[in-house]
Amino acid sequence: MRDQAETLRLKMLKSQGELSRSIAIVSGKGGVGKSNFSTNFAHALLSKGKKVIIVDMDIGMGNIHILLGKTPIFSLKDYLQGTEEIDAVINETEEGLRFISGGSGLDDVLEWSKEVFDRLVLAFEYLQTEYDFILFDMGAGATQRSIELIVAVDEIIVISTTEPTSITDAYSMMKFICIQDPDKTFHLVSNRVSKNDEDNDAVLRLQYAMRKFLNKETTVLGFLPEDPTVHKAVIAQQPFMLLFPNSPISKRMMLIADTFAGTNSGVVSKQGDGFLGKLRYIFTKGRG
Ligand SMILES: Nc1ncnc2c1ncn2[C@@H]1O[C@H](COP(=O)(O)OP(=O)(O)O)[C@@H](O)[C@H]1O
Ligand SMILES: [Mg+2]
């Protein structure tokens, strides 16, 4: 019954063109700028009047709340463990950006039981009805669980720098995801591009490799320059989009958000009932 009702509701939302887009922000290797991208991309979408929420999937090592300068009382873990309801773990900044913190405190590791997955599905079901964009900052390390979530989301934004190691790791990551879901939609962003790289060759090579070896089309959302305002903004615990709206990187971020908001996710036609159906399938398969 419940699945039927849900499918029906999703269909209704789709027909009204209101279905939200779930997006995982990923990279091959860490430290390439995912979390800074997530917070600032979210602000760019917010400034276009979209309802946006960031979910920090780096459970126990989250830093979205640090980049936003907010210390939440509860994190995603509190919700998943069943001690708090979803509303209690959703935080809001003064600018109206919502986020769910990954929390910090490695000592208390989350046990991914069936109940935990059920709560995760329930949370996403709720978020889909409330937000235009759900951004998952995937954090470090490609754990089994994070790969499962990545496969479940509608779209993936892959962040890489122009370094060959970052490019090859990004390629491997996408290849891995493609094997599990050949229909996945990938968007590429090149970060920390120097003046010499202005033509953005690196990301075009990545796009070419995806086409040639995996027969997979990807979109290039654009590039973000190497910019000292990123570091300054991190220290100030404010998104650079807010602190330095006229910096080169902020202007580029607005263009990326324009491009992204203008793309069609392709989810509705390709993936049946989309994110929720997939998540449920992935998390319940092999569990009897
Ligand atoms: N475009 C950029 N220009 C300059 N420094 C950057 C840029 N993007 C990221 N950085 C630096 O890289 C660091 C790591 O970024 P972060 O978003 O935490 O990466 P990740 O989430 O992928 O681990 C930031 O603290 C910042 O100092
Ligand atoms: Mg991060």
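How many residues surround ligand 1, and which are the closest? The shell holds 17 residues, and the closest are Gly33, Lys34, Ser35, Asn36 and Val230. Keep in mind that this is a predicted model.

**Around the ligand**

Three elements each supply at least two residues of the shell around ligand 1: α2 (34–46), β7 (185–193) and α10 (228–236). The shell is mixed in class. There are 5 nonpolar, 8 polar and 4 charged residues around ligand 1.

**The chain as a whole**

The protein chain has 288 residues, and 42% of them count as buried. Its elements are 14 helices and 8 strands. How do contacts run along the sequence? Take the contacts in the protein chain with a separation of 6 or more: 76% of them join residues 24 or more positions apart.

**The nonpolar core**

The largest nonpolar core has 69 residues. Ala24, Ile25, Leu135, Phe136 and Val158 touch the most other members. Helix α2 gives the largest share of this core, with 6 residues. Recall that α2 also supplies at least two residues of the shell around ligand 1.

Now look at Leu135. Leave aside its neighbours within four places in sequence. Leu135 is then in contact with Ile23, Ile25, Ser38, Phe41, Ala42, Val52 and Ile54.

**Two helices side by side in a table**

| Helix | Residues | Number of residues | Expected span | Distance between end C-alpha atoms |
|---|---|---|---|---|
| α6 | 114–130 | 17 residues | 24 Å | 25 Å |
| α8 | 164–180 | 17 residues | 24 Å | 25 Å |

For α6, the expected span comes from 1.5 Å a residue, and the distance between its ends agrees with it. The buried residues of α6 are Leu120, Phe124 and Gln128. They cover an arc of only 70° around the axis, so they sit on the same side of α6. Why can residues spaced along a helix share a side? An α-helix has 3.6 residues a turn, so residues three or four places apart point the same way.

For α8, the end C-alpha atoms are 25 Å apart, which again agrees with the expected 24 Å. Which residues of α8 are buried? They are Ser166, Ala170, Met173, Met174 and Ile177. Down the axis of α8, these buried residues fall within an arc of 95°, so they line one face of the helix. On the other side of α8, Pro164, Thr165 and Ile179 are exposed.

How values were computed: Residues numbered from 1 in each chain as written. Chains lettered and ligands numbered in written order. Predicted model: local features only at pLDDT ≥ 70, side-chain atom pairs only at ≥ 80, totals over all residues. Near = placed C-beta within 6 Å. Helix = DSSP H or I, 4+ residues; strand = E, 2+ residues; numbered from the N terminus. Nonpolar A, V, L, I, M, F, W, Y, C, P; charged D, E, K, R; others polar. Core = buried A, V, L, I, M, F, W, Y, C linked by C-beta atoms within 7 Å. Buried ≥ 20, exposed ≤ 12 C-beta atoms within 10 Å, placed from the backbone. Contact = placed C-beta atoms within 7 Å. Expected span 1.5 Å × (residues − 1). Arc of directions from axis to C-beta.
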